[in-house]
Amino acid sequence: MKFVHIADMHFDSPFVNLSEKDIMGDLRRLEQRKVFKKIIEYIKENNIKYFFISGDLYEYKYIKQSTIDYINKLFEEI
């Protein structure tokens, strides 16, 4: 059985400590999107049937509609 497991992505987290350092918080949020897209691509390329996400996928208080749309679009690919 092949599967992919991720945990605690926390999309749109404010990254308070990083945000104090110019654009580091923004860069971290962009990196999260890139990594998630790579995971989806890996799943597609390797015909993985199961994708488990434990922990928090996003930060409830901070999640943006554009991020939800981005995640949903990637989910549609698998």
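Student: In this model, is glutamate 31 buried, partly exposed or exposed?

Tutor: The model is a predicted one, and the accessibility discussed here is computed from its atoms. Buried means under 20% relative accessible area and exposed means over 50%. Because glutamate 31 has a relative accessibility of 43%, this residue counts as partly exposed.

Student: With which residue does the side chain of glutamate 31 meet in a salt bridge?

Tutor: Side chains of opposite charge can pair when their charged atoms come close. The partner of glutamate 31 lies in helix H2 as well, three residues apart from the glutamate, about one turn of the helix. That partner is partly exposed, with a relative accessible area of 31%. The two side chains meet at 4.0 Å, N to O, and the partner is arginine 28.

Student: Which residue meets aspartate 26 in a salt bridge, and is that residue buried or exposed?

Tutor: Aspartate 26 is partly exposed, at 44% relative accessibility, and its side chain meets that of arginine 29 at 2.6 Å, N to O. Both residues lie in helix H2, three residues apart, about one turn of the helix. Since the relative accessible area of arginine 29 is 16%, and buried means under 20%, the partner of aspartate 26 is arginine 29, which is buried.

Student: How many residues apart in sequence are the parts that the salt bridge between glutamate 77 and lysine 44 ties together?

Tutor: A search of the whole structure finds three salt bridges, and in this one the closest N and O atoms of glutamate 77 and lysine 44 are 2.8 Å apart. Glutamate 77 lies in the segment after H3 and lysine 44 in helix H2, so the parts that the pair ties together are separated in sequence by 33 residues.

Student: Why can the buried residues of H3 be said to line one face of the helix?

Tutor: The buried residues of H3 are Thr67, Ile71 and Leu74. Seen down the axis of H3, these buried residues fall within a limited arc, so they line one face of the helix; the arc is 65°.

Student: Against which helix do the buried residues of H3 pack?

Tutor: On the other side of H3, Gln65, Lys73 and Glu76 are exposed. The buried residues of H3, in turn, pack against the helix that spans residues 24–45, namely H2.

Student: Which element gives the most residues to the largest nonpolar core?

Tutor: The largest nonpolar core has 14 residues, and those with the most contacts inside it are Val4, Ile6, Phe11, Phe36 and Phe51. Strand S1 (3–7), H2 and H3 are the elements that give two or more residues to this core. With four residues, the element that gives the most is H2.

Student: What arrangement do the rings of phenylalanine 11 and phenylalanine 36 adopt?

Tutor: The structure holds six aromatic pairs. In this pair the ring centres are 5.4 Å apart and the planes stand at 90°, so the arrangement is edge-to-face.

Student: Which residues do ring pairs link into a cluster?

Tutor: Phenylalanine 11, at a relative accessible area of 1%, is buried, and phenylalanine 36, at 0%, counts as buried too. Phenylalanine 51, leaving aside its neighbours within four places in sequence, is in contact with several residues, including Phe36 and Phe75. The cluster that ring pairs link together consists of Phe11, Phe36, Phe51 and Phe75.

Technical notes: Residues numbered from 1 in each chain as written. Predicted model: local features only at pLDDT ≥ 70, side-chain atom pairs only at ≥ 80, totals over all residues. Heavy atoms only, no water. Buried < 20%, exposed > 50% of the residue type's maximum accessible area, 1.4 Å probe, protein only. Arc of directions from axis to C-beta. Contact = heavy atoms within 4.5 Å. Core = buried A, V, L, I, M, F, W, Y, C linked by side-chain atoms within 4.5 Å. Phe/Tyr/Trp six-rings, centres within 6.5 Å; stacked < 30°, edge-to-face > 60°.
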